[in-house]
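Reader: I have a model open and would like to go through some of its side chains. May I put a few short questions to you?
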Amino acid sequence: MTATAATLEAVPEPTPARSVPSAAHHPAPAGYDRIVFTGFMGSGKSTVGALLADRLGWTFLDLDTEIERRCGLTVPQIFAQLGEAHFRRQETAALASVLGRSRIVIALGGGAPEELGNRLLLEQTPATAVVFLTAPFATLYDRCQVQAATPGATERPVLADRQKAEARFAARLKHYERIADSTLDTTALSPEATVEAVLRAFSQS
Ligand code: S3P
């Protein structure tokens, strides 16, 4: 671990939102303590993840938000001031930390599975289901453009060059597929319908 990562470990964690199971919640998927959403930018990981956590009565955590909290900088600031390699190191440290929590739904950043260490962390953490939300690149790119036009939207540095973003998408597909326990094509699905599909997928497994 780098000195920076070790220092960051000392940052106190926020009190997680209470996740109290009740009769109103959907039963948790048998055998799982963590559900992790992966996929390219625009695939709906954070929106679907938050809705699913709500249904289960679990905590929701967006890994980018966690990195921002640990670094005290926004993701675009980390990219601009410290570089992508630094962002990736923080991403790995944050992932290792949050995988220690239970009854949690985690939305990864789109690039997290590029790192071998992150893939191994996900594969080797027991009771952890990884759900890959997929759609064609053009659909994902268009969704991101719509999101970018909404007030308060977070900038996505990796999307600045469309051609390079498409090349990353193509290179990442095999990694998303490798770590996925379940894959859902969200092209024609609303976030709510995607949550239902995730719950169905786990009730059949
Ligand atoms: C990135 C995706 C972003 C964020 C960062 C880098 C990527 O997360 O982690 O801007 O490399 O694909 P989202 O997928 O949540 O937008």
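Reader: Is Leu121 buried, partly exposed or exposed?
Author: This is a predicted model. In it, Leu121 has a relative accessible area of 26%, so it counts as partly exposed, since buried would require under 20%.

Reader: Where does Leu121 lie, and in which helix?
Author: Leu121 belongs to helix α6, which covers residues 116-124.

Reader: Which residues is Leu121 in contact with, leaving aside its neighbours within four places in sequence?
Author: Those residues are Thr92, Leu95, Ala96 and Leu99. For Leu99, which is 22 residues apart from Leu121 along the chain, the separation of the C-alpha atoms is 8.2 Å.

Reader: Let us change topic. How many aromatic pairs are found in the whole structure?
Author: The search finds seven aromatic pairs. In one involving Phe137 and Phe169, the ring centres are 5.6 Å apart.

Reader: Why is the pair of Phe137 and Phe169 called tilted?
Author: Their planes stand at 50 degrees, and tilted applies because this angle is neither under 30 degrees, as for stacked, nor over 60, as for edge-to-face.

Reader: What parts does that pair tie together?
Author: Phe137 is in helix α7 (residues 137-148) and Phe169 in helix α8 (residues 162-179), so the pair links parts 32 residues apart in sequence.

Reader: Are Phe137 and Phe169 buried or exposed?
Author: Both Phe137 and Phe169 are buried.

Reader: Which residues form the aromatic cluster?
Author: Phe137 and Phe169 form one aromatic cluster with Phe40 and Tyr141.

Reader: What lies over the face of Tyr141?
Author: Arg162 does, at 4.4 Å from the ring centre.

Technical notes
Residues are numbered from 1 along each chain as its sequence is written. This is a predicted model: local features need pLDDT of at least 70, side-chain atom pairs count only at pLDDT 80 or more; totals for chains, interfaces and linings use all residues. Side-chain values use heavy atoms; hydrogens and water are left out. Helices (H or I, at least four residues) and strands (E, at least two) are DSSP runs, numbered from the N terminus. Buried means under 20% relative accessible area, exposed over 50%, partly exposed in between (1.4 Å probe, protein chains only). Contact means heavy atoms within 4.5 Å. Rings of Phe, Tyr and Trp (its six-membered ring) pair if their centres lie within 6.5 Å; planes under 30 degrees apart count as stacked, over 60 as edge-to-face and the rest as tilted. A charge sits over a ring if NZ of Lys or CZ of Arg is within 6 Å of the ring centre and within 35 degrees of the ring normal.
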